[in-house]
Amino acid sequence: MRVLGLISGTSHDGIDSAVVDWTLDGGVLTGAIAHVGERPYAPGLRARILAALPPNRVDLGEVCALDTLIGQAFAGAAAEAPPCELICSHGQTLFHWVEDGRVRGTLQLGQPAWIAERTGAPVVSDVRARDVAAGGQGAPLVSYLDLLLMAGLPAGRGRAGALNLGGIANLTVREPALAYDTGPGCALIDAAAPPYDEDGALAAAGTVDAGLLDRLLADPYYRLDPPKSTGKELFTPDYVRAELPLPDLVATLTALTAETVAAEIRRHRLDTVIVSGGGARNPTLMGMLRARAAPAAFVTSDELGVPADGKEAIAFSLFGWLTAHGLPATVPRCTGASGARVLGTITPGSGPLALPEPLAEAPVAIRLSGSPAAGR
């Protein structure tokens, strides 16, 4: 089954897409990656999304407008991708409601009817809500893919983990299975130096302010036990107020991400860490991370056939395949849910909704091939 995965993450910069042709044989799920792409948001839409994020307030009229406009943008991204049998759309997270460590709700906008109308394909959407309803964090869902990928690592890699450095950083540990948001990835760096610190140049030119870093590391979030999740509701653009030269501020925020991630890598005594996400392309961040997490070895997900910038879109393609076949796409130990759940709701395409026969058993291993260069 050929499935398109669509997602815009916590950097809110555009829509990542991946088309994967999935084939199951003897418990091994093979994914031939036919397309990986990125479609930036139009500047006006991105500005409206950012203006709707905490601590800002918006009315229901703007929520309705954003649901439509984001849905249309996702439909445009889907129309640019190769044809497929099914689409799985994450949409755009506008709010992740956490109280006392428990996720009460999560809101992703991007009305799937626009995608179905534009492409004629059925659309799986609203993917996080079922895990939340089952008592889970609704994140990081990518742990399902991470654990399948790490199952294929050679024994010589030792204790393994998978790290995604998006707006928020999340870590998946192979043994015992565990996954959670470690804290900010690039969110605070991007807020200080919009749209982002290209090649980590500002951070490289600055000096870390040890006093500010210590104050930031005192945030109670880092002391919470997993499973846990967070977002820009906590790490808002106003999270850091400091009278520092911009390079020093960016260097300090980069060190914050590196130290909070490295602390978790040290905590789990990881030998190998598979890195993906935009932060994997920031050499200053990666240099700080390597220094703080030594002797852990870092490899990009590209080395496992998964484009670092496209891993989450590939994960959502996988979730669409699983949902279509009646299979759960969550790991309760990772999200904290009471059990594994089939995710999402389905919007029919242009014809009658026809799903494959449900499968009795989930895949036990995954192989990915193809890895085309990302398109614009």
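Ile 265 is buried in this predicted model. Its relative accessibility is 1%, and the cut-off for buried is under 20%, so Ile 265 falls in that class. The residue sits in helix H9, which covers residues 246-267.

What does Ile 265 touch, leaving aside residues up to four places away in sequence? The list is Leu 270, Val 273, Leu 289, Ala 293, Ala 296 and Phe 298. Two of these names, Leu 289 and Ala 293, carry numbers that fall in helix H10, residues 283-293. Ile 265 can also be placed against Val 173. The two are 92 residues apart along the chain. Their C-alpha atoms are separated by 9.0 Å.

Now move along H9 to Thr 252, which belongs to that helix as well. Is Thr 252 buried or exposed? Thr 252 is buried, because its relative accessible area is 0% and buried means under 20%. Its side chain has a polar partner: it reaches the backbone nitrogen of Asp 209 at 2.9 Å. Asp 209 is also among the residues that Thr 252 touches. The others are Thr 207, Val 208, Leu 212, Leu 213 and Leu 244, again without counting residues up to four places away in sequence.

Leu 212 and Leu 213 lead to the next element, helix H8. Helix H8 spans residues 210-217. How do H8 and H9 pack? Two numbers describe such a pair: the angle between the helix axes and the distance between them. For H8 and H9 the angle is about 40 degrees. The axes lie 10 Å apart. Angles under 35 degrees would count as roughly parallel, and 65 to 115 as roughly perpendicular. H8 and H9 are therefore oblique to each other. Their crossing is right-handed.

Which residues make this contact? From H8 come Leu 212, Leu 213, Leu 216 and Leu 217. They meet Leu 249, Thr 252, Leu 253, Ala 255, Leu 256, Glu 259 and Thr 260 in H9. By class, the contact has 8 nonpolar, 2 polar and 1 charged residues. Thr 252 thus takes part in the contact with H8, and its side chain also reaches Asp 209.

Last comes Thr 284, in helix H10. Thr 284 has a relative accessible area of 15%. With the cut-off for buried at under 20%, Thr 284 is therefore buried. Its contacts are Asp 199, Gly 200, Ala 203, Ala 204 and Thr 254, once residues up to four places away in sequence are set aside.

Key
Residues numbered from 1 in each chain as written. Predicted model: local features only at pLDDT ≥ 70, side-chain atom pairs only at ≥ 80, totals over all residues. Heavy atoms only, no water. Helix = DSSP H or I, 4+ residues; strand = E, 2+ residues; numbered from the N terminus. Buried < 20%, exposed > 50% of the residue type's maximum accessible area, 1.4 Å probe, protein only. Polar contact = N/O pair within 3.5 Å; in protein donor to acceptor, adjacent residues only side chain to side chain. Contact = heavy atoms within 4.5 Å. Axes fitted to C-alpha atoms, helices over the stretch in contact; angles between N-to-C directions. Parallel < 35°, antiparallel > 145°, perpendicular 65-115°, else oblique. Left-handed = near helix turned anticlockwise from the far one by under 90°. Nonpolar A, V, L, I, M, F, W, Y, C, P; charged D, E, K, R; others polar.
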